[in-house]
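Please examine the sequence and the structure shown below. The questions that follow concern its sheet and its nonpolar cores.

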Amino acid sequence: MTTPLRPAVNESTSKDHLTEVRLARVALTWLTEPGTRSVHRLVGTYGPVGTLDRLLAGDVPDRRLRTAVAARRAAGNPRDVAAAALAHTERLGARIVVPEDDEWPQQVRDLDLLSLPGAERTIDQETAPPLAIWVRGHHPLTGALERAVAVVGARAASPYGLHVATELGYGLAEREWTVVSGGAHGIDAAAHRGALNAGGLTVAVLACGVDRPYPAGNSSLFDRIVETGLLVSEWMPGAEPLRHRFLIRNRLIAAATAGTVLVEAAARSGATQTLRRALAINRPAMVVPGPVTSAMSVGAHELLREHPRTRLVTGLPHVLEEVGRIGADLAPPARAPRQPRDLLDDESALLLEALPRRGALDPDALAARAGLDVRTTLRKLALLEDLDLIVRRDDGYAIAVPSARPTTADPTLL
């Protein structure tokens, strides 16, 4: 029996098609803001190229979408804009990653399920997965985000918050977790620097083009990240960091990582929105507690009160327990240092408590005071003496006084 011949695959046609798909995705990103659900649904039905054709022809039922596309087209031809963006990206030494690429992080598809309770603002409703992601840096995007934790928080962070974020960034990187944040002043920058100082991988997710990282005051930090980590964005080069884009960006931070840690956040902090998005897609959501007197921890504490699934974490072991392997990355229980008294049985402890703070008691008086027989009392007194908790004197037994440590006299006081 002869096996039927399969038609030869035209490699150049395949590459041309991928280029066309990439161009269409960039054009769609320019026509509408990332996260637009109606566009995401159209792409799922007609593909990127078919969706772009329909939008340009006005052949979509969503009137608001038609209006937005028509307004945007007044600024230029979407395909020409996309072609220019592709060329600019190449000149920058950056790249565009799309869902058709092997480098695409598949976990961001969970944004398709993101629904925020009581969402009334458009910014909280338009939370679909990205159409394309711009990347600067040499690491593969999917590899960088395979083991990643987001560390986010206040821009006007306290010294306490900066210390905690730096320690978390360093510890996560030291254990080969990628640290993801938004590149902002305060907690974000501290987490990035902690990871860099540990020689680890860190990713900054921007709300603007990868050619103009914001804020400008962190330029040297962004330069370091490009050298050893990644800058990523859903906006094409040249895009400005508009206020609403930070909230759009936050959903990507939540979805691209295995869990999100909120270090400090005021009552209206955008960082709390990152944690809310992590909760909405069932990612581990963690909060570092702060002083109850600190305005920079009000938002963080409210999330702990409002959401039962939000976990309080006080350091790296707690974070690893939430995002690590089940049963393998358990945080050790917090314990105070062991004291000699911790080794005592009930009768020995009772005798020690029965001794007066000053003076001594003979065994008979001590046995009566503790409610024990004399034989047991003598046996337990020997144990307490061996542990240097009591001393035997001529007039009985007394509590041992800790030996004073020798001190060096301050010559200025002599």
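Q: In what order do the 9 strands of the open sheet lie?
A: The strands (DSSP runs of E, at least two residues, numbered from the N terminus, as helices are from runs of H or I of at least four) pair if DSSP finds at least two bridges between them. The pairing in this open sheet is mixed. The order is β1-β2-β6-β5-β4-β3-β7-β8-β9.

The model is predicted: local features need pLDDT of at least 70, side-chain atom pairs count only at pLDDT 80 or more, and totals for chains, interfaces and linings use all residues. Residues are numbered from 1 along each chain as its sequence is written, and side-chain values use heavy atoms, leaving out hydrogens and water.

Q: Which are the edge strands?
A: An edge strand here pairs on one side only. The two are β1 (95-97) and β9 (311-312).

Q: Which residue in β6 stands opposite Arg 136?
A: Strands β2 (residues 133-136) and β6 (residues 230-233) pair in the antiparallel sense over 3 bridges. Opposite Arg 136 stands Leu 231.

Q: Which element gives the largest share of the largest nonpolar core?
A: A nonpolar core is a set of buried (under 20% relative accessible area, 1.4 Å probe, protein chains only) Ala, Val, Leu, Ile, Met, Phe, Trp, Tyr and Cys residues joined through side-chain atoms within 4.5 Å. Of its 37 residues, Leu 55 and Leu 231 are among those that touch the most other members. Elements giving two or more residues include α2 (37-57) and β5 (202-206). The largest share, 8 residues, comes from α1.

Q: How many residues does the other core hold?
A: This core lies apart from the largest one. Among its members are Val 97, Val 135, Ala 144 and Leu 252. Its size is 29 residues.

Conventions. Buried means under 20% relative accessible area, exposed over 50%, partly exposed in between (1.4 Å probe, protein chains only).
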